[in-house]
Amino acid sequence: MNQPAELMDIDGLGGTTPVSLANACYACTSCYKNSATAQFKGYDLELFEELLEASNELKVGSLPAEMMGPATRMIVDKGEKLGYFMEPMPKFIDFTKCDGCGLCILGCTKGAKWDANDFIKEINETENNTEILSNITVTRVIHDNNRVNGVEGIDSKGETKHYHSKIVVIAAGALNTPKILIDSDVTNEVCDGLFTDLFITVGGYLKDVNLNTEIPMGVKSEFGPYFISPHFSNQLIPIIEDKGFNPKAGDIMGMMVKIADEANGKIYSNGSIEKELTSRDINLLKEGYDKSVELLKAVGVDPSSISSTPIRGAHPGGTAAIGKVVDKNLETRIKGLFIADASVIPQAPGRPPILTIVALAKRLSKNIVEEIYQKV
Ligand SMILES: Cc1cc2nc3c(=O)[nH]c(=O)nc-3n(C[C@H](O)[C@H](O)[C@H](O)COP(=O)(O)OP(=O)(O)OC[C@H]3O[C@@H](n4cnc5c(N)ncnc54)[C@H](O)[C@@H]3O)c2cc1C
C-alpha cells in the first residue's frame, strides 16, 4: 500500500456521471455520521427534501434480486455467514431497460443508467431560451465591488469570451473549481480540504466466476467510515499474473474497499495537487482489506492469488467547503457567485456523492428562484 494514489477525473458534458457505477448512496445518512447530508446539518442545511426529489427523478432503487448475478450472490451468502450485513446497493438505473451487462462504467448504451446528460436532454426537449455552450473553458469569474458580473472563458479556437450575469454558479468539480476561484481572486493561492474517498480493489483467482459481466457493486456491507462491495478491476489481472496465475477477466473475483479519507489535500494556483495518506486512512484500508480477504477466501478464491490494486480516488471534494469558502446558501464572499459541485462537501462521505450533489444543486436553484421572485 505504499504506491502513490491515482486520482480519477473526467471532463466533458455530463461531467464524471457518464462513467459512474450508478451507486446512489444518500441512504447512508442513517448509518454513517459523516455522510454528506449529516455533515450539512452542522451548517443548518437540511437536504432531505431535495434528496427525495433527486431520488425520484433519477429513479433510484435497490438492485432487484433477479438482477443480482451468481458471483454477487456468492459474496452475499458467504458474507452473511461471516456475520456481515450485506445490503443491495441503491442504484440510479431504470431496471426495466437494464440487461445487466455490467458495463456501466463505459457509459450505458441501453439508456438505463441516469447521467447528467439526461438533464441536458430535458432542457433541449423543452421549449425555452436556454443555450448550452459546451466548447467554453471558464478561466475566471468577473466581479466588482464584491458583486459578480459574469465569467470569462476561452473557446475551442482559443478566443477569449465574456458572458455577463448577476448570478454565476460554478460547478467545475472539486479539482477545477478551486483553480477558477484562485484565478479570480475569490480565494487565496491554495485551496485545502481535498478528500477523494480513497479505494482499493482486493481480488484473486476464481475460475469462471464472471463477476466482470455482472452489475458492478450490486451489494455493500457498511463498516462506519468505510464499506466493501463486489467489484471487478482490470488492474488486478497483471498483478495476479505476476503471482504465477493466468487469469482472464472472468476469473477475477474482487471486493472494493472505499473509505472516507481525511480532508487534508491541497490544490495550488498552478493546478498541482498534494495529498498525504494519513495513518488513519491506511488503517481503514487495511481493515477493509482484511475483511475482503476473509470473504474472498470464503467464496473459494485461491489465497495465494489475492492481491490489491494501487490506491485510487474517484470522488474528489472538499476544496471549497461550506463554512469555509461558501455559506449555507452555497454563496461565496462575492455576492451572486455560488458553487454547486463536490467542492462544497466539507468532509469525505466515503460514499458515492452524486445524489448529494444533485440535491445541493436543487436546493441552490430553489434559493435563486426565490430570491429572484422576491425582487420582482
Ligand atoms: C469511474 C467512476 C465511477 C464513479 N461512480 C460513481 C457512482 O456510482 N455513484 C456516485 O455517486 N459517484 C460516482 N463517482 C463519482 C462522481 O462521478 C463524482 O463524484 C461526481 O460526478 C462529481 O460531480 P461534480 O459536479 O463535483 O464534478 P464533475 O462531475 O467532475 O463535473 C465537472 C464538470 O465541469 C466541467 N469543467 C471543468 N472545468 C471547467 C472549466 N474551467 N470551464 C467549464 N467547464 C469545466 C467538466 O468538463 C465537467 O463537465 C464515480 C467516479 C468515477 C471516476
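## Close-up views of a predicted model

**View 1. Helix 2 and its two faces.** The face of helix 2 that is turned away from its buried side carries Glu49 and Asn56, both exposed. This helix, like every element shown in these views, belongs to a predicted model. Helix 2 comprises residues 48-57, and its buried residues are Glu50, Leu51 and Ala54. These residues lie on the same side of helix 2, because they cover an arc of only 100° around the axis. The general geometry accounts for such a pattern: an α-helix has 3.6 residues a turn, so residues three or four places apart point the same way. Just after helix 2, Lys59 adopts a positive phi of about 55°.

**View 2. Helix 3 and the elements packed against it.** Helix 3 runs over residues 70-81, and for these 12 residues a rise of 1.5 Å a residue predicts a span of 16 Å; the end C-alpha atoms are 17 Å apart, which agrees. Ala71, Thr72, Ile75 and Gly79 are the buried residues of helix 3. Viewed down the axis of helix 3, the buried residues fall within an arc of 100°, so they line one face of the helix. Their packing partners are strand 11 (219-223), strand 12 (226-230), strand 13 (252-259) and helix 7 (279-298). On the other side of helix 3, the exposed residues are Pro70, Glu80 and Lys81. Gly83, just after helix 3, has a positive phi of about 95°.

**View 3. The shell around the ligand.** The ligand is surrounded by 28 residues, of which Gly15, Gly173, Asp341, Pro352 and Ile354 come nearest. Strand 5 (137-144) supplies at least two residues of this shell, as does helix 8 (354-375). Classified by type, the shell contains 16 nonpolar, 10 polar and two charged residues.

**View 4. The contact between domain 1 and domain 2.** According to the domain assignment, domain 1 consists of residues 59-113 + 198-313 and domain 2 of residues 117-193 + 319-375. The centres of domain 1 and domain 2, taken over C-alpha atoms, are separated by 32 Å. Domain 1 brings 13 residues to the contact, and domain 2 brings 15 residues. On the side of domain 1 that touches domain 2, the elements that give two or more residues are strand 13 and strand 14 (265-268). Strand 14 gives the most to this side, with three residues. By class, the side of domain 1 that touches domain 2 holds eight nonpolar, two polar and three charged residues.

**View 5. The surroundings of Ile154.** Ile154 belongs to strand 6, which covers residues 147-154. Because 14 other C-beta atoms lie within 10 Å, Ile154 is classed as partly exposed. Leaving aside residues up to four places away in sequence, Ile154 touches Thr137, Thr139, Glu159 and Thr160. Asn135 is 19 residues from Ile154 along the chain, and the C-alpha atoms of the two are separated by 8.3 Å.

**View 6. The surroundings of Thr309.** Thr309 is located in the loop between strand 16 (307-308) and strand 17 (312-313). Thr309 has 20 C-beta neighbours inside 10 Å and therefore counts as buried, since a residue is buried if 20 or more other C-beta atoms lie within that distance. Apart from residues up to four places away in sequence, Thr309 touches Ile200, Thr201, Ser233, Gln235 and Leu236. Thr309 and Val202 are 107 residues apart along the chain, yet a distance of 6.6 Å separates their C-alpha atoms.

**View 7. Positive phi at two loop residues, Asn210 and Leu330.** Most residues other than glycine have a negative phi. Asn210, although not a glycine, has a positive phi of about 60°. Asn210 occurs in the loop between strand 10 (198-205) and strand 11. With 19 other C-beta atoms within 10 Å, Asn210 is partly exposed. Leu330 is likewise not a glycine and has a positive phi of about 65°. The loop that holds Leu330 lies between strand 17 and strand 18 (337-339). Leu330 is buried, as 25 other C-beta atoms lie within 10 Å.

Note on methods:
Residues numbered from 1 in each chain as written. Predicted model: local features only at pLDDT ≥ 70, side-chain atom pairs only at ≥ 80, totals over all residues. Helix = DSSP H or I, 4+ residues; strand = E, 2+ residues; numbered from the N terminus. Expected span 1.5 Å × (residues − 1). Buried ≥ 20, exposed ≤ 12 C-beta atoms within 10 Å, placed from the backbone. Arc of directions from axis to C-beta. Contact = placed C-beta atoms within 7 Å. Near = placed C-beta within 6 Å. Nonpolar A, V, L, I, M, F, W, Y, C, P; charged D, E, K, R; others polar. Domains from an automatic or database assignment.
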